[in-house]
Amino acid sequence: MFKVQELREIIKLVDSSSLDEFTYEVDGAKLKLKKNKGVVTEVIAPQAPAVVQQAQAQAAPQPKEEPKAEAKVEPKKEEEKASAPAAKSSNLDDPTLVKITSPMVGTFYRAPSPDSPPYVQVGDKVEPDTVVCIVEAMKLFNEIEAEIKGEIVEILAENEQLVEFGQPLFLVKPAE
C-alpha cells in the first residue's frame, strides 16, 4: 500500500522527468502514471482503500468543471460572502493557533464531491487522522489530514481554489 507522501514524491519525480509513462509495483500494489497524453492514474491493490476508490470515482467528473465554471458563479458568490468576513478577520498571526498547510500545489476541495457536505466546518473538533479537505494534483485526489487534535477556528481557502505549497488552509486551536 502506498502512503500519501510516497505518492506525492513519485508524482513530483515523474512530473519533473522526461518520462511519459511510469509503472511501479510493490507489495501487490501497482501505481501507473502517464503524462503528455492526458493524465491517467491507476492504483491496484488487493485491499483497495476507500481513499483510492473515492479518488478514481471523482476523476471522471472533474474535466467537466471548466465548462460549468460560469454556471457555478452564483453559488460561489454565496460561499464567498459567507467566508469573506472570516478572511478579513483572519487570525493568521495568532501564536496560539496552528496552521494546516497545503503539502502541494493543487486545487482545494472542502468536500469529497460537489453534492457532499464539507469534511469540516468552523467549530468542528478534529483528531490527527481527521480528513479536513482534498487537494487535487494531476487528477490525483490527496486527502489532507489535520495532523493535530483541536478545533477548526477558521477556513482560509475557498472551495475549488488553486492553492500553493505551504499555503495555510485552516487554523486550528489545539486541544489542551
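The legends below describe an overview and several close-up views of a predicted model.

**Figure 1. Overview of the chain.** The chain has 176 residues, of which 32% count as buried. Its secondary structure consists of four helices and 11 strands. Among contacts with a separation of 6 or more, 57% are made by residues 24 or more positions apart. About 10900 Å² of the chain is exposed, and carbon and sulfur atoms supply 53% of this area. One salt bridge is present in the structure.

**Figure 2. The open sheet β8-β7-β5-β10.** Four strands make up this open sheet, in the order β8-β7-β5-β10, with antiparallel pairing. The edges are taken by β8 (140-145) and β10, each with a single partner strand, so one side of each has no neighbour in the sheet. Although β8 is an edge strand, five of its six residues are buried, so β8 is largely enclosed by the rest of the structure. At the β10 edge, β5 and β10 run antiparallel and are joined by two bridges. Gly106 has Val163 of β10 as its bridge partner. Strands of a sheet pair through backbone hydrogen bonds, in either the parallel or the antiparallel sense.

**Figure 3. The β7-β8 hairpin and its turn.** Strand β7 (residues 131-137) is connected to β8 by six bridges, and the two strands run antiparallel. Within this pairing, Val135 is opposite Asn142 of β8. Two residues separate β7 from β8 in the hairpin. Met138 is placed in the loop between these strands, as is Lys139. Phi of Met138 is positive, near 55°, in a residue other than glycine. Lys139, also not a glycine, has a positive phi of about 65°. Met138 counts as partly exposed, at 29% relative accessibility, and Lys139 counts as partly exposed at 31%.

**Figure 4. The salt bridge between Lys125 and Glu151.** The closest N and O atoms of Lys125 and Glu151 are 3.0 Å apart in this salt bridge. Lys125 belongs to strand β6 and Glu151 to strand β9 (residues 150-155), so the pair ties together parts that are 26 residues apart in sequence. Side chains of opposite charge can pair when their charged atoms come close. The strands β6 and β9 are themselves joined by two bridges and run antiparallel, with Lys125 opposite Glu151 of β9. Lys125 is exposed, with a relative accessible area of 64%, whereas Glu151 counts as partly exposed at 27% relative accessibility.

**Figure 5. Arg110 and the pairing of β9 with β11.** Arg110 lies in the loop between β5 (106-109) and β6 (125-126). The side chains of Arg110 and Gln121 are joined by a polar contact of 3.3 Å. Leaving aside residues up to four places away in sequence, Arg110 touches Pro118, Tyr119, Val120, Gln121, Val132, Ile155 and Asn159. One of these residues, Ile155, stands opposite Phe170 in β11. The strands β9 and β11 pair in the antiparallel sense over five bridges.

**Figure 6. Surroundings of Ser102.** Ser102 is located in the loop between β4 (98-101) and β5. With a relative accessible area of 1%, Ser102 is buried; the cut-off for this class is under 20%. Residues up to four places away in sequence aside, Ser102 touches Val135, Val163, Glu164, Phe165, Gly166, Gln167 and Leu169. Among these contacts, Val135 is the residue opposite Asn142 in the β7-β8 pairing, and Val163 is the bridge partner of Gly106. The C-alpha atoms of Ser102 and Pro168 are separated by 6.4 Å, with the two residues 66 residues apart along the chain.

**Figure 7. Nonpolar surface patch around Phe165.** Val105, Leu162 and Phe165 form a nonpolar patch on the surface. Together these residues have about 330 Å² of accessible area. Phe165 sits in the loop between β10 (162-163) and β11 (168-174). Phe165 is exposed, with a relative accessible area of 60%, yet it is also among the residues that Ser102 touches, and Ser102 is buried.

Note on methods:
Residues are numbered from 1 along each chain as its sequence is written. This is a predicted model: local features need pLDDT of at least 70, side-chain atom pairs count only at pLDDT 80 or more; totals for chains, interfaces and linings use all residues. Side-chain values use heavy atoms; hydrogens and water are left out. A polar contact is a pair of N or O atoms within 3.5 Å; within protein, one must be able to donate a hydrogen and the other to accept it, and residues adjacent in sequence count only if both atoms are side-chain atoms. Contact means heavy atoms within 4.5 Å. Patches are made of residues with over 30% relative accessible area and no salt bridge: like charges are joined within 9 Å, nonpolar side chains (Val, Leu, Ile, Met, Phe, Trp, Tyr) within 5 Å. Accessible areas come from the Shrake-Rupley method with a 1.4 Å probe; for residues, only the protein chains shown count as cover. A salt bridge is a side-chain nitrogen of Lys or Arg within 4 Å of a carboxyl oxygen of Asp or Glu. Buried means under 20% relative accessible area, exposed over 50%, partly exposed in between (1.4 Å probe, protein chains only). Two strands pair if DSSP finds at least two bridges between them.
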